[in-house]
Amino acid sequence: MSDKYIIAIDQGTTSSRAIIFSHAGQIVSVGQMEHEQIFPRAGWVEHDPMEIWTNVREVVAAALAKADLTPEAIHAVGVTNQRETTVVWDKATGEPVYNAIVWQDTRTAKIVDELGAELGQDRYKARVGLPLATYFSGPKVKWILDNVEGARARAEAGELLMGNMDTWVIWNMTGGPDGGVHVTDVTNASRTMLMDLKSLAWDPEICADMTVPMSMLPEIRSSAEVYGHVRAEGVLAGVPIAGDLGDQQAATFGQACFEVGMAKNTYGTGNFMLMNTGEKLVPSKNGLLTTVCYKIGDAAPVYALEGSIAVTGSLVQWLRDNLKIVSSAPEIEALAKTVDDNGGAYFVPAFSGLFAPYWKSDARGAIVGLTRYVNRGHIARAVLEATAYQTREVLDAMEADADVKLTELKVDGGMTVNELLMQFQADVLDVDVVRPVVAETTALGAAYAAGIATGYWEGEQDVIDNWAEAKRWTPSMDKTEVERLYRNWKKAVTRTFDWVDEDVIE
């Protein structure tokens, strides 16, 4: 099938991309468009679903044009997406009833508090693997139904559908109001707080607690099977859509983390570390999430432990856009290199509260340890170091939960081009950090799932054979100094706790 290709649609937090891959797992071409980040109030983050759907069609066309390929050259489509970002729409018209509420959004804090009032944050954790938190999809749907005029009545009448962005994209690609397929995969469903991890089915009791009508929910399918075909008037008319994975699970698949104990960390808007735990569900006692890693067709599901960090790459964007300290994200490395250390400054970016391993939605960001010695170079360095420290916290929790000592960490995502950060990450973790040749592992994982489902690739061994190491960073910093820095980081984190009171205006 060397004359055929797989296209992956990567619907991310800041942009939508279409990447065409060859049989060797190499990038042939890329189409990419950013979409607007909408901040109606402090703590609220939204996207326009119609803008995203328009962009998806445009990036597919752009990727084909750049590669000078016709749609007939595309064997199958894989979809991957920003997880937990939730959209509710009218199934007759395809019109969203409200903007998509993004995974970083904290407006559901009161809903989450009410759900956990008597039984606590872990009320559903044994069933869904997740603590009650603003991060997940279920409370976002409830908020929309409670706050958009007429939405609840329409939902109860069976007129509305919901989904994460994978569901939205696939429904529109397969026909929308004219026969669109309303599906999601097990990895995305496991991020709603509405799916039972053992049965891989929607939990009626939790749906009732969150007042989400089950008629709104998509059908749960595996991560690699043919869900439908692109509608006749689409750019890829007739091509099967055969892969669907949440972005972090897709990256884990693309990194060939198929053995128990293998882990990857993706450095994007936030950071997400996943460790394969095989067919075993491992409950976390240390603030991690238990999630579905992937499910290939009729095979048994594979599970993972996940450490989710809300703000890493987006902190660099904040430094660029809000403080204007740098004019482009890549400049931060050069600025950080103007100093030898952080000058005693620590930046805890709890903009959306703290995710793993703390799960404190009432935390807020803080810069601590400031003296008049600190300059913009120290702040830039503190921004990068924050990513490495947060990753260390997650890895410590993961090793405690899984009783496994990591020997190396596979990394991917945009921030891995930052040599200073990657070396500091290896130093802080005291393990080798390894970047693959193809760093776009999120899109690659979705492509592999679609290709395996349709016979383009035979199975996981092809993924392993295609994976290749590009760069390795080995720890070199004095361990005493590492522990001193990390101790101060932990102290800084505690300063962000319990910031939001009842009378704080958000």
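**View 1. Phe258 is buried, with a relative accessible area of 16%.** Buried here means under 20% relative accessible area, exposed means over 50%, and partly exposed lies in between (1.4 Å probe, protein chains only). This is a predicted model, in which local features need pLDDT of at least 70 and side-chain atom pairs pLDDT 80 or more, while totals for chains, interfaces and linings use all residues. Residues are numbered from 1 along each chain as its sequence is written, and side-chain values use heavy atoms, without hydrogens or water. Beside Phe258 in this view is Phe253, also of interest for its ring. Phe253 is buried as well, at a relative accessible area of 1%. Across the structure there are 25 aromatic pairs. In the pair formed by Phe253 and Phe258, the ring centres are 5.0 Å apart and the planes meet at 70°, so the pair is edge-to-face. (Rings of Phe, Tyr and Trp, the last by its six-membered ring, pair if their centres lie within 6.5 Å; planes under 30 degrees apart are stacked, over 60 edge-to-face, and the rest tilted.)

**View 2. Tyr389 and Phe424 make an edge-to-face aromatic pair.** Look for two rings with 5.6 Å from centre to centre and 85° between their planes. This pair links distant parts of the chain: Tyr389 belongs to helix α12 (residues 376-402) and Phe424 to helix α13 (residues 419-429), with their positions 35 residues apart along the chain. Both partners, Tyr389 and Phe424, are buried. (Helices, H or I with at least four residues, and strands, E with at least two, are DSSP runs numbered from the N terminus.)

**View 3. Six aromatic residues come together in one cluster.** To find your way around the group, start at Trp103 and then pick out Tyr135 and Phe136. Phe272, Phe355 and Trp359 complete the cluster.

**View 4. The peptide bond from Ala356 to Pro357 is cis.** Its omega angle is near -5°. Where along the fold does Pro357 lie? Pro357 is in the loop that joins β19 (346-348) to β20 (366-368).

**View 5. Two positively charged side chains sit over aromatic rings.** Arg392 lies over the face of Tyr486, at 4.0 Å from the ring centre. In the other example, the charged end of Lys410 is placed over the ring of Trp467, 4.3 Å from the centre of that ring. (A charge counts as over a ring if NZ of Lys or CZ of Arg is within 6 Å of the ring centre and within 35 degrees of the ring normal.)

**View 6. Thr211 and Asp403 have positive phi values without being glycine.** Phi of Thr211 is near 55°, and this residue is found in the loop between α8 (204-209) and β12 (219-221). Is Thr211 buried, partly exposed or exposed? At 30% relative accessibility, Thr211 counts as partly exposed. Turning to Asp403, phi is again near 55°. Asp403 is set in the loop between α12 and β21 (408-412). With a relative accessible area of 71%, Asp403 is exposed.

**View 7. Helix α6 (residues 165-173) is mostly covered.** How many of its residues are buried? The count is nine of nine. Following the helix from its start, you meet Met165, Asp166, Thr167 and Trp168 among the buried residues. Val169, Ile170, Trp171, Asn172 and Met173 are buried too. Just after α6 comes Gly175, with a positive phi of about 135°.

**View 8. Ala63 has its place in helix α1 (residues 49-67).** Its relative accessibility is 0%, so Ala63 counts as buried. Arg17 shares the view: 46 residues separate Ala63 and Arg17 along the chain, and their C-alpha atoms are 8.7 Å apart.

**View 9. Stepping back, the protein has 16 helices and 23 strands.** Along the principal axes, its C-alpha atoms fill a box of roughly 65 × 55 × 45 Å. Of the 506 residues in the protein, 62% are buried. Phe258, where this tour began, is one of the buried residues, whereas Asp403 is exposed.
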